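Please look through the sequence and the model below before reading on. The paragraphs that follow go from the whole chain to the sheet, then to the core, and finally to the charged side chains.

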Amino acid sequence: MSTPGPTFPGQAEEPATVRLDVWLWSARLFPTRAAATAACRGGHVRRNGDPVKAAQKVSVGDELRVRSPGRERIVVVTRILTKRVGALIARESYEDHSPEPAPQLLAAPPRRDRGTGRPTKRERRQLDRLRGRES
């Protein structure tokens, strides 16, 4: 992590806190700020174990649990971001303590050959078993 350079007149210092939805978007955990706000509203984001609203402040040292389809990310804030930055800088703004995703999520989904039509009931059940969705 680089040390901050000298401050010049008119240059703003890094704030101590920032809105949660802004930080999630700035750190590239969500593609848009609206998506970050919707995730907070839906209860998919927790700060230090408690559900949070998008407007609540986040500061350095906070642990965030962000749930997305099939995966939960656990990050600890190490730097406050107020604007969206490049991926390398965004990655340095948090420590990722997430568990490894399930191996079935890493594998490419099975594809049907073009022109074979819709799967039959038997083929669909076989695909469900393969994907681990037995009913």
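Of the 135 residues of the protein, 24% count as buried, where buried means under 20% relative accessible area, exposed means over 50%, and partly exposed covers what lies in between, with a 1.4 Å probe and protein chains only. This is a predicted model, in which local features need pLDDT of at least 70 and side-chain atom pairs count only at pLDDT 80 or more, while totals for chains, interfaces and linings use all residues. Residues are numbered from 1 along each chain as its sequence is written, and side-chain values use heavy atoms, with hydrogens and water left out. The protein exposes about 9,900 Å², of which carbon and sulfur atoms supply 51%; such accessible areas come from the Shrake-Rupley method with a 1.4 Å probe, and for residues only the protein chains shown count as cover.

The secondary structure comes to five helices and seven strands, which are DSSP runs numbered from the N terminus (H or I with at least four residues for helices, E with at least two for strands). Read from the N terminus on, the elements run β-α-α-β-β-β-β-β-α-β-α-α. Among the contacts with a separation of 6 or more, 45% are made by residues 24 or more positions apart, a contact being heavy atoms within 4.5 Å.

How are the strands of the sheet ordered? Five strands form an open sheet in the order β3-β2-β5-β6-β7, with antiparallel pairing, where two strands pair if DSSP finds at least two bridges between them. The edge strands are β3 (50-51) and β7, each of which pairs on one side only. Strand β2 (residues 45-47) pairs with β5 in the antiparallel sense over three bridges, and within this pairing valine 45 has valine 66 of β5 as its bridge partner. On going further across the sheet, β5 and β6 run antiparallel and are joined by six bridges, and here valine 66 has arginine 73 in β6 as its bridge partner. The same two strands, β5 and β6, form a hairpin with two residues between them, and glycine 70 in the turn has a positive phi of about 80°. The pairing of β6 with β7 is antiparallel as well and has three bridges, with valine 75 standing opposite aspartate 96 in β7.

The next topic is the nonpolar interior. A nonpolar core is a set of buried Ala, Val, Leu, Ile, Met, Phe, Trp, Tyr and Cys residues joined through side-chain atoms within 4.5 Å. The largest such core has 22 residues, of which Leu20, Trp23, Leu24, Leu29, Val45 and Leu64 touch the most other members. The elements that give two or more residues to this core are α1, α2, β5 (63-68) and β6, and α1 gives the most, with four residues.

Tryptophan 23 is buried, with a relative accessible area of 0%. Leaving aside its neighbours within four places in sequence, tryptophan 23 is in contact with residues that include Val18, Leu29, Val58, Leu64, Val77, Arg79 and Tyr94. Which kind of pair do the rings of tryptophan 23 and tyrosine 94 form? Their centres are 6.2 Å apart and their planes are at 75°, so the pair is edge-to-face, given that rings of Phe, Tyr and Trp (its six-membered ring) pair if their centres lie within 6.5 Å, and that planes under 30 degrees apart count as stacked, over 60 as edge-to-face and the rest as tilted. This pair links distant parts of the chain, since tryptophan 23 is in helix α1 (residues 20-26) and tyrosine 94 is in strand β7 (residues 94-96), 71 residues apart. Tyrosine 94 is buried too, with a relative accessible area of 8%.

Turning to charge, there are six salt bridges, each being a side-chain nitrogen of Lys or Arg within 4 Å of a carboxyl oxygen of Asp or Glu. Arg19, Asp21 and Arg33 are linked in a network of salt bridges. In this network, the closest N and O atoms of arginine 19 and aspartate 21 are 3.1 Å apart, and those of arginine 33 and aspartate 21 are 3.2 Å apart. Aspartate 21 counts as buried at 2% relative accessibility, whereas arginine 19 is partly exposed at 30% and arginine 33 is partly exposed at 36%. Within the sheet, arginine 73 forms a salt bridge with aspartate 96, with the closest N and O atoms 3.2 Å apart; this pair links strand β6 (residues 71-77) to strand β7 across 23 residues.
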